[in-house]
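Grab a coffee and work through a few short exercises on the structure below. Try each task yourself before reading its solution.

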Amino acid sequence: MLKNWGDYFVVNVSSPNTPGLRSLQNAENLSNILADLQGENQGIKPILVKIAPDLEKEAIASILDLIQQYQISGIIATNTTISRDGLKTKIIAKTGRLVSEEAGGISGAPLTQRSTEIIKFIWQETQGKLPIIGVGGIFTVEDAWDKITAGASLIQIYTGWVYQGPGMVKQILQGLLQKLDERGLNSISEAIGLAHQK
Ligand SMILES: Cc1cc2nc3c(=O)[nH]c(=O)nc-3n(C[C@H](O)[C@H](O)[C@H](O)COP(=O)(O)O)c2cc1C
């Protein structure tokens, strides 16, 4: 059984690349999944839910209700998007096809703001009590800071790592330390959700 080996487990029903998968995010389906998993897990290992950035606020709010009901340890926001809004590239040079007609999720820069907005929404809805892992279009220390101050207590990077390589981690960590310093904060935990205190 995997449960003996993982430190935490993520219910990822938010990838746009598997047909039909995202329909498992609706309350009834997700409720069944979480009930079965927690029945097996008995709350021993942390279970988190990863959500799509394309969900309406009402759908996110019902996922948050389930998270509370099944004592889920946190939420990962977000997966890739099916939106094609704001893309500079309209036609794929290699194939001549329209970007808007391509299937699949988009990661990286087009996602930065959207995933931060979702983190803000989750933080507000849960009064900052639910651990949020922020992911989506983090390339710079500013991007990381925005996710943390929006409410993320951890961050993940996928696309940024592909473009900038492992050196970006050190750069971001140093930048975050500088930001704490400038603001007279002692640790990252004091920065979590700071954007809400304006
Ligand atoms: C090539 C690729 C494969 C991915 N595979 C998964 C996956 O298997 N499971 C998952 O939860 N997210 C997957 N993701 C989503 C990323 O974990 C992340 O949520 C998303 O790309 C946004 O972060 P980023 O902008 O830093 O890439 C994948 C993303 C990319 C680009």
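Before starting, one cut-off: a residue counts as buried under 20% relative accessible area, exposed over 50%, and partly exposed in between. Keep in mind that this is a predicted model.

**Exercise 1. Work out how strand 1 and strand 2 are joined, and what lies between them in the chain.**

Solution. Start with the pairing: strand 1 covers residues 9-12, strand 2 covers residues 47-51, and 4 bridges join them. The two strands run parallel. For one concrete contact, look at Phe9, whose bridge partner in strand 2 is Ile47. Now trace the chain: from strand 1 the path goes through helix 1 (residues 27-41) and on to strand 2, a β-α-β crossover that is right-handed.

**Exercise 2. Find the salt bridge between Glu117 and Arg114 and say where the two residues sit.**

Solution. First, check the distance: the side chains meet at 3.7 Å, N to O, and the cut-off for a salt bridge is 4 Å. Next, place the partners: both belong to helix 3 (residues 112-125), 3 residues apart, or about one turn of the helix. Last, check the exposure. Glu117 has 41% relative accessibility, so it is partly exposed. Arg114, with 34%, is partly exposed too.

**Exercise 3. Which parts of the chain does the salt bridge between Glu142 and Lys179 tie together?**

Solution. Begin with the contact itself: the closest N and O atoms of Glu142 and Lys179 are 2.8 Å apart. Glu142 is in helix 4 (residues 141-150) and Lys179 is in helix 6 (residues 167-183), so the salt bridge ties together parts 37 residues apart in sequence. Then look at each end. Glu142 is partly exposed at 41%, whereas Lys179 is buried, because its relative accessible area is 9%.

**Exercise 4. Sort Arg183 and Glu182 into buried, partly exposed or exposed.**

Solution. These two side chains form a salt bridge at 3.4 Å, N to O. Arg183 has a relative accessible area of 40%, so call it partly exposed. Glu182 comes in at 54%, so that one is exposed. As for the whole model, the tally is 5 salt bridges.

**Exercise 5. Which residues make the nonpolar surface patch of about 450 Å²?**

Solution. The patch is made by Tyr158, Val162 and Tyr163. Take Val162 as the one to inspect: you'll find Val162 in helix 5 (residues 159-164). Its relative accessible area is 59%, so Val162 is exposed.

How values were computed
Residues are numbered from 1 along each chain as its sequence is written. This is a predicted model: local features need pLDDT of at least 70, side-chain atom pairs count only at pLDDT 80 or more; totals for chains, interfaces and linings use all residues. Side-chain values use heavy atoms; hydrogens and water are left out. Two strands pair if DSSP finds at least two bridges between them. Helices (H or I, at least four residues) and strands (E, at least two) are DSSP runs, numbered from the N terminus. A crossover is right-handed if, with the strands pointing away from the viewer, the path from the first strand over the helix to the second runs clockwise. Buried means under 20% relative accessible area, exposed over 50%, partly exposed in between (1.4 Å probe, protein chains only). Patches are made of residues with over 30% relative accessible area and no salt bridge: like charges are joined within 9 Å, nonpolar side chains (Val, Leu, Ile, Met, Phe, Trp, Tyr) within 5 Å. Accessible areas come from the Shrake-Rupley method with a 1.4 Å probe; for residues, only the protein chains shown count as cover.
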